[in-house]
Amino acid sequence: MTNGRVVFLDRDGVINEEVGYLNHLDRLRLLPRSAEGIALLNHAGWRAVVVTNQSGVATGYFPESFLAEVHAEIQRRLEAAGARVDAFYYCPHHPTIGEPPYRCACDCRKPRTGLLRRAAADLDLRLEGSCIISDRYRDLTMAAEIGATGILVLTGYGTGEYTWWRQSRGWAAQHVAQDLLQAVRWFLERQAQQPQSAHHFSGRGPR
Ligand SMILES: [Mg+2]
Ligand SMILES: [Zn+2]
């Protein structure tokens, strides 16, 4: 009943720089304002959960164990800046490259929603009314499916995605933000302007 509120964050190009395949800690650089954005979520009582496709495991760019190192290092740097990610969820699979068990048609490779649903089950989170922040348009297509707000950031692949998708396809992002901090600010301000959710008001009736 107390389902927590959550903002799902893509990792590469949102929290840290997009460098193709991040296969060495030397290549890990946090984006300038991502810690500040995550700290805002922490203070506002929203869980910050990373959901990231890491098919570099399936394709052999790095072992799955390396992801734990990267996530520990991201967390260490965020904490040094007063911010904290609540959990990291990743998909190590690829549908056609590599060897089983990593080569498989999984349900967790975004834009499939397996990672979101797993996080919601593990951490008792409410998907309806959540938020997805990513530099990939593909990720934002999940928003409608789960009743979330989708925000595209222009860091990472975001500027290219914005240009391409606006010109050529339908548009799923509800908002476009310069970076993670601006995305979080916009989302939290929007929450403050609206009722928390229809769910909270659904019990209204004659007393
Ligand atoms: Mg990304
Ligand atoms: Zn997967």
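This passage describes the sheet, the helices across it and the core of a predicted model.

The sheet is open and has six strands. Their order is β3-β2-β1-β4-β5-β6, with parallel pairing. The edges are taken by β3 (87-91) and β6 (175-177). Each has a single partner strand, so one side of each lacks a neighbour in the sheet. On average, neighbouring strands are turned by 25° against each other, direction ignored.

Two helices were placed relative to these strands. Helix α4 (residues 114-123) lies across β1 (6-9), β2 (47-53) and β3. Its direction is at about 145° to β3. Helix α5 (residues 137-146) lies across β4 and β5, and runs at about 175° to β4.

Strands β4 (residues 131-134) and β5 (residues 149-153) pair in the parallel sense over four bridges. Ile133 has Ile151, in β5, as its bridge partner. Both residues also belong to the largest nonpolar core, which has 46 residues. Together with Val7, Phe8 and Leu9, they touch the most other members. Helix α7 (residues 180-193) supplies the largest share of this core, five residues. Beyond four places in sequence, Ile151 touches Cys131, Ile133, Ala173, Gln174, His175, Ala177, Ala183, Trp186 and Phe187.

Tyr162 is part of helix α6 (residues 158-168). Tyr162 has 18 C-beta neighbours inside 10 Å and therefore counts as partly exposed; a buried residue would need 20 or more. Not counting residues up to four places away in sequence, Tyr162 touches Leu152, Leu154 and Val176. Tyr162 and Ala183 are separated by 21 residues in sequence and by 15 Å in space, C-alpha to C-alpha.

Conventions. Residues are numbered from 1 along each chain as its sequence is written. Chains are lettered from A and ligands numbered from 1 in the order in which they are written. This is a predicted model: local features need pLDDT of at least 70, side-chain atom pairs count only at pLDDT 80 or more; totals for chains, interfaces and linings use all residues. A nonpolar core is a set of buried Ala, Val, Leu, Ile, Met, Phe, Trp, Tyr and Cys residues joined through C-beta atoms within 7 Å. A residue is buried if 20 or more other C-beta atoms lie within 10 Å of its own, exposed if 12 or fewer, and partly exposed in between; C-beta atoms are placed from the backbone. Two residues are in contact if their C-beta atoms, placed from the backbone, lie within 7 Å. Two strands pair if DSSP finds at least two bridges between them. Axes are lines fitted to C-alpha atoms, for helices over the stretch in contact, and angles run from 0 to 180 degrees between N-to-C directions.
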